[in-house]
Amino acid sequence: YLYDEVGVGERRMLHGEIAETLEAIAVDHTDEFALQLARHYDEAGNAEKAVFYWTQAGDTAFAIYAQNEAIAAYTRALELIKEITISSEQLHHIYTHRGRAMELTGQFEQALKNYDEMLTTARARKDRRMELDAQVAASTLYSTPTAVMDPEKGQALSEETLKLAQELGDQSVECRVLWNLLLANLHGSKTDQAIDYGERSLSLARSLNLREQ
């Protein structure tokens, strides 16, 4: 009742005071209070602090497999970045983690939209690394057995992405793209091409000592 009686300006001020106090108390372990800090700074109109803590809250949720909570936190962070200047590294982190959280909860269509938004942002910022990772993530969904699997799209996008990985000299990503091409060709009943891409991926993985790959 009292909260509803407080004016908008005073309410923002009180949220800001609460956030600053909580931040000072939890200075060495803000990750435990990231969600509360994010909400208070958001209500206080401090977008820069809110984005930081929404991202931290998303990371905390992601780490304990609370993927829907992670998606909500990352999404709010992305909504607020329109009000502030944020680094490409931060954007890259938020987009990739939100996309992965969507994949883990079977929200493949939403994940593709996330990677498409990431790609658009990357091109606007002329960030080729972000562009590469957005395309690799999307091509992986098209090439693997998911609800959005489309071998033809997977192959076309992977071939485009392979050129970009080679231009950037990123052999670890090139190795992953070759694996996606193996899968796209395998599911497209192009066995000989699948084997060729697989052998190239395996050879590159061995030369780079990418044991998991």
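This passage describes the fold of a predicted protein model, from its overall make-up to selected helices and residues.

The secondary structure of the predicted model consists of 11 helices and zero strands. Read from the N terminus, the order of elements is therefore α-α-α-α-α-α-α-α-α-α-α, with helices numbered in that direction. Along the principal axes, the C-alpha atoms occupy a box of roughly 70 × 30 × 30 Å. The chain has 213 residues, and 46% of them are buried. When contacts between residues at least 6 apart in sequence are considered, 49% join residues at least 24 apart. The protein exposes about 12,000 Å², and carbon and sulfur atoms account for 51% of that area. There are 21 positive and 35 negative charges, and the mean positions of the two sets lie 6 Å apart.

Helix H2 covers residues 8-25 and contains His 15. The relative accessibility of His 15 is 10%; because the limit for a buried residue is under 20%, His 15 counts as buried. Apart from neighbours within four places in sequence, His 15 is in contact with Tyr 3, His 40, Glu 43 and Ala 44. With one of these residues, His 40, the contact is also polar: the two side chains are joined at 3.0 Å. Gly 16 is also found in helix H2. Its relative accessibility is 13%, so Gly 16 counts as buried. The C-alpha atoms of Gly 16 and His 40 are 6.4 Å apart, although 24 residues separate them along the chain. His 40 thus appears in the description of both H2 residues, through a polar contact with His 15 and through its C-alpha separation from Gly 16.

Helix H5 comprises residues 67-80. Its 14 residues should span 20 Å at 1.5 Å a residue, and its end C-alpha atoms are 20 Å apart, so the two values agree. The buried residues of H5 are Gln 67, Ala 70, Ile 71, Ala 73, Tyr 74, Ala 77, Leu 78 and Leu 80. The cover over these buried residues includes helix H3 (34-44), helix H4 (47-63), H6 and H7.

Helix H7 runs over residues 108-125. For its 18 residues, a span of 26 Å is expected at 1.5 Å a residue; the distance between the end C-alpha atoms is 25 Å, which agrees. Buried positions in H7 are Phe 108, Ala 111, Leu 112, Asn 114, Tyr 115, Met 118, Leu 119, Thr 121 and Ala 122. These buried residues pack against helix H6 (88-104) and H8. Asn 114 has a relative accessible area of 1% and is therefore buried. Leaving out residues up to four places away in sequence, Asn 114 touches Tyr 95, Arg 98, Gly 99 and Met 102. Just after H7, Lys 126 adopts a positive phi of about 55°.

Helix H8 is made up of residues 128-143. From its first C-alpha to its last, this helix of 16 residues reaches 22 Å, close to the 22 Å expected at 1.5 Å a residue. The N-terminal end of H8 is capped by Asp 127, which places a side-chain oxygen 3.1 Å from the backbone nitrogen of Arg 129. Of the 16 residues of H8, 13 are buried, so the helix is largely enclosed by the rest of the structure.

Two further positions are notable for their backbone angles. Most residues other than glycine have a negative phi, and most peptide bonds are trans. Ser 189, which is not a glycine, has a positive phi near 60°. This serine lies in the loop between helix H10 (171-187) and helix H11 (191-207). Its relative accessibility is 65%, so Ser 189 counts as exposed. Asn 209 likewise has a positive phi near 60° and is a residue other than glycine. Asn 209 belongs to the segment after H11. With a relative accessible area of 55%, Asn 209 is exposed, because the limit for that class is over 50%.

Note on methods. Residues numbered from 1 in each chain as written. Predicted model: local features only at pLDDT ≥ 70, side-chain atom pairs only at ≥ 80, totals over all residues. Heavy atoms only, no water. Helix = DSSP H or I, 4+ residues; strand = E, 2+ residues; numbered from the N terminus. Expected span 1.5 Å × (residues − 1). Buried < 20%, exposed > 50% of the residue type's maximum accessible area, 1.4 Å probe, protein only. Polar contact = N/O pair within 3.5 Å; in protein donor to acceptor, adjacent residues only side chain to side chain. Contact = heavy atoms within 4.5 Å. Areas by Shrake-Rupley, 256 points an atom, 1.4 Å probe, with all protein chains shown as cover. Lys, Arg positive; Asp, Glu negative; His and termini not counted. Charge placed at Lys NZ, Arg CZ, Asp CG, Glu CD.
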